[in-house]
Amino acid sequence: MTDTIQRSLPPRIELARPMSSAADPTWSGAVWVGVIDVAEVPGDDAGTVRLQDSDGHRSARLLVRDGVAPLGFVDLPVSDAAIEVAALRAAVAALPAVPQPPVPVRLPGTSVVLCTRDRADQLGAALDSLLALDHPDFEVVIVDNAPSDESTRELVDALDDDRVRYVREPVPGLSSARNAGVLAARHEIVAFTDDDVVVDRAWLRAVASGFSRGDDVVCVSGLVASGELRTPTQRYFDERVTWSRNLVPRVHRLSAPPVDRPLFPFAVGDYGTGANFAMRRSSITALGGFDEALGVGTVTGGGEDIDMFSRVVLSGAALVVEPAALVWHRHRADLPALRKQAEGYGTGLGAWLTKIALHPRTLGMALQRAPRAVRHLVVGSAAEPVAGPTDAPVVTGAEQVADAAFLREVGRMRWVELLAVGRGVVRYGRSRRTVRARTRTANR
């Protein structure tokens, strides 16, 4: 009788997180993050779906996929380390159907370039996910950028894996590191990611799908989903950035300006981010490589990715946003780290805008879009952090005071970034002089 009852019960479903956390959350608004395929959703409304490592989480966000194609995110309440199947089925049913990405004729050999500096503690998880990729022909080039110790080299040596190579780039700056990685790459397709991500197992296959969307495609970016929403700072950042929600495949071409993007080709948030993109090696070379006056590790603090994306589009080539090319990103967990990141984004943006203004062609295009661009820069798309689903517990008492202080601080964050934009204008010139001096020294 017991065996008969057990056979009649629906199969037990348990979901794991794509990213582990060092500690359980203490914030009442923490969101458990995971992924589920539509094929895994139970066929009736009975029962629950268990969530691994969900202590301290009262809500969950699931990326729903149909195979590799992402349909959207659903937010659901968590009770007793589980979500109700009925609520999950209703949320999934409300998502729009999406076409599958094209199947490439062949999977090209790919070099993955991961640039890092003094973060061997995070690098291990990123490497584990890269080595688990479902791709027949890839290598991983770890570029150690101006390191202060040998921890990254020791980590790579300990792997003892022929697919992973170590490159040391002494000149500080993310662009210098990426150029060193491109120089070391053995394959025509070069994919870039960071040390604070976990890549999806099908990441490089989806990248290949992006390149198959047109003969003129030279750059493919993908979805960079929030892998951890453990703190209010991470939730705030997630609500602000656009690249964590780029779920619609898109092909950007200068010859076909999108009518719904008035800032195109300068609407750089539409193109993706440096944590997840790939390019043809020959195209990187033809465009002159990454601008070494830009990027983390230089005085400009950033901007090298949006500079490359815009140069691709302005060159007349196509840039594809392929959401199926998925990586999970760990956002900065506290306000001091977020403030530093906001300053880097601001100075990088200001430096990139200065570069745009220094070239007559791009200056003319930018001036035509200037009124809308200024409004976008000042008003922005910043959103206040939200607590999760509407039936999540209300924050009260001391937690509410802490949240009020947090909201006051993030309210200042936009001004921090705007002031940094102004500093970036000056810093780009300073950084260019540094690059020219280094080039002259190298050529002697």
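The following exercises, with worked solutions, concern salt bridges in a predicted model.

**Exercise 1.** Determine which parts of the chain are tied together by the salt bridge between Arg213 and Glu322, and classify the burial of Arg213 and of Glu322.

*Solution.*
1. The contact is made by the two side chains, with an N to O distance of 2.6 Å.
2. Arg213 belongs to the loop between α6 (203-211) and β12 (217-226), whereas Glu322 sits in strand β15 (residues 318-329); the pair therefore ties together parts that are 109 residues apart in sequence.
3. Arg213 has a relative accessible area of 29% and is partly exposed.
4. Glu322, with a relative accessible area of 2%, is buried.

**Exercise 2.** Establish which helices are linked by Glu417 and Arg240, and state whether these residues are buried or exposed.

*Solution.*
1. The closest N and O atoms of Glu417 and Arg240 are 3.0 Å apart, and the residues form a salt bridge.
2. Glu417 lies in helix α13 (residues 397-443) and Arg240 in helix α7 (residues 232-240); this pair links distant parts of the chain, 177 residues apart.
3. Both Glu417 and Arg240 are buried.

**Exercise 3.** Classify the accessibility of Arg261 and of Asp270.

*Solution.*
1. A salt bridge joins their side chains at 2.7 Å, N to O.
2. Buried means under 20% relative accessible area.
3. Asp270, at 19%, therefore counts as buried.
4. Arg261, at 28%, counts as partly exposed.

**Exercise 4.** State how many salt bridges the whole structure contains, and identify which residues are linked in a network with Arg61.

*Solution.*
1. Searching the whole structure yields 35 salt bridges.
2. Arg61 is linked in a network of salt bridges with Asp75, Arg235, Asp238 and Glu239.

How values were computed: Residues are numbered from 1 along each chain as its sequence is written. This is a predicted model: local features need pLDDT of at least 70, side-chain atom pairs count only at pLDDT 80 or more; totals for chains, interfaces and linings use all residues. Side-chain values use heavy atoms; hydrogens and water are left out. A salt bridge is a side-chain nitrogen of Lys or Arg within 4 Å of a carboxyl oxygen of Asp or Glu. Helices (H or I, at least four residues) and strands (E, at least two) are DSSP runs, numbered from the N terminus. Buried means under 20% relative accessible area, exposed over 50%, partly exposed in between (1.4 Å probe, protein chains only).
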